[in-house]
Protein chains: 2
Amino acid sequence: MEKFLFTDFLLSNVPLTEVQLRMLFQKSRVLKVDKGEMLLSAGDTCKHRFFIEKGAVREFYVDEHGKEHLLVFAVEGWFVVNVDSVFFDQPSRYFIQAIEPTKVLLIDEEQVQALSLQSPEFDRFNKQLIYEHIQHLQHRITSLQSDGAEIRYQHFIKAYPELLLRIPQAYIASYLGITPESLSRIRRQLVQQARQK
Amino acid sequence: MEKFLFTDFLLSNVPLTEVQLRMLFQKSRVLKVDKGEMLLSAGDTCKHRFFIEKGAVREFYVDEHGKEHLLVFAVEGWFVVNVDSVFFDQPSRYFIQAIEPTKVLLIDEEQVQALSLQSPEFDRFNKQLIYEHIQHLQHRITSLQSDGAEIRYQHFIKAYPELLLRIPQAYIASYLGITPESLSRIRRQLVQQARQK
């Protein structure tokens, strides 16, 4: 079997047999896309989870004025799951786009469910990932409600230092719910503060 | 067994036997609290899910300036689950408070997990509730990022008409991430618009 980051990620968290691994990979496939290419468009459905083997993607919403709002980033070793399609069989309200040349593994949801029934450890791990996502979303709501733009950016720097140099500023601003101009101003202030120390 | 809304809610969604129901109720208990009483305070942990039998509660965060930010409401027939404690065994970052005289059922998480292992239907239903919560949180983030305050309030009216008369305006404003003054202004405008129609 081809060597995947996903396999390492799984096996370092859940003891799975070779047979179980093969089961999960049975309907999975690898997709390589260029920077800018869409993995999923709003209105489409997909019944697989994306695991990023290499590269970076963003999931975003386009409002009625055509403005984009960033829901999540993902880089290698992370999942992106379009909740609308995968869990509700509904057309996605979001786009998923590669923001670097990207290699993703498409993990078929049926196989995830089948393996969950067979392996309680896998099911537990799977749930844990979902709980982490809920906690992350809750913290983001609280942060959007309560933190000023500068604090939000500082939290982002601390949480995702590896993203800072890879992700365009405009996307980080969108993720934080601020304008690119505000983000530039905050960055200049932080640089000045750092110099004065 | 005492008659609970929770039992009706469950059985209308999952076929459970009397034995399975008893298993779920084994460590559960009923709690009646007055308006204003805390069901959980930040820093505490609890290993049960709250199901609201009667009344209304809010889960909220208090920022470093003492300002409150509302994460979720729940009224009869809804769950409130403090993710930090129940799923991560961490002290809660949030408070849960009754905003009416409230009767809640405390569903022990261990029993939920035990029944999940025994009943695939219950497990599936449980997951479905969690997926719905994720979808709800994602929509809220997108709405906080993209919608103006008036649109956010109109969505709230449509989604939760039953809450409008029960929940204090200040809490609704906090949930929507706007000031109580802005909410009053929006309400006046909507009333005027309705009169002109």
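1. Secondary structure and overall form. In this predicted model, chain A contains eight helices and eight strands. Its radius of gyration is 18 Å, close to the 16 Å that the globule rule gives for 197 residues, so chain A is as compact as a globular protein of that length. The C-alpha trace of chain A spans about 60 × 40 × 30 Å along its principal axes.

2. Burial and contacts within chain A. Of the 197 residues, 51% count as buried. Taking the contacts in chain A between residues at least 6 apart in sequence, 72% join residues at least 24 apart.

3. Surface and charge of chain A. The exposed area comes to about 9,700 Å², and carbon and sulfur atoms supply 52% of it. Chain A carries 24 positive and 25 negative charges, and the mean positions of these two sets are 6 Å apart.

4. The contact between chains A and B. Each side is listed with its own count: 35 residues from chain A and 35 residues from chain B take part. Together the two chains bury about 3,500 Å², with 62% of that area on carbon and sulfur atoms. On the chain B side, B:Tyr131, B:Gln138 and B:Gln145 supply 19% of the area buried against chain A, more than any other three residues. A reader inspecting the interface could take these three residues of chain B as the place to look.

5. A:Leu129. This residue lies in helix H5 of chain A, which runs over residues 120-146. Is A:Leu129 buried or partly exposed? Its relative accessibility is 24%, and since buried means under 20%, A:Leu129 counts as partly exposed. Once neighbours within four places in sequence are set aside, A:Leu129 is in contact with A:Phe9 and A:Phe79. A:Gln193 is 64 residues from A:Leu129 along the chain, and the C-alpha atoms of the two are separated by 37 Å.

6. B:Ser85. This serine sits in helix H3 of chain B, residues 83-88. Its relative accessible area is 0%, so B:Ser85 is buried. Which residues is B:Ser85 in contact with, leaving aside its neighbours within four places in sequence? They are B:Leu40, B:Asp44, B:Thr45, B:Cys46, B:Lys47, B:Gln90 and B:Ser92.

Methods
Residues numbered from 1 in each chain as written. Chains lettered and ligands numbered in written order. Predicted model: local features only at pLDDT ≥ 70, side-chain atom pairs only at ≥ 80, totals over all residues. Heavy atoms only, no water. Helix = DSSP H or I, 4+ residues; strand = E, 2+ residues; numbered from the N terminus. Rg over C-alpha atoms; globule rule 2.2 N^0.38 Å. Buried < 20%, exposed > 50% of the residue type's maximum accessible area, 1.4 Å probe, protein only. Contact = heavy atoms within 4.5 Å. Areas by Shrake-Rupley, 256 points an atom, 1.4 Å probe, with all protein chains shown as cover. Lys, Arg positive; Asp, Glu negative; His and termini not counted. Charge placed at Lys NZ, Arg CZ, Asp CG, Glu CD. Buried area = accessible area lost by both parts, 1.4 Å probe.
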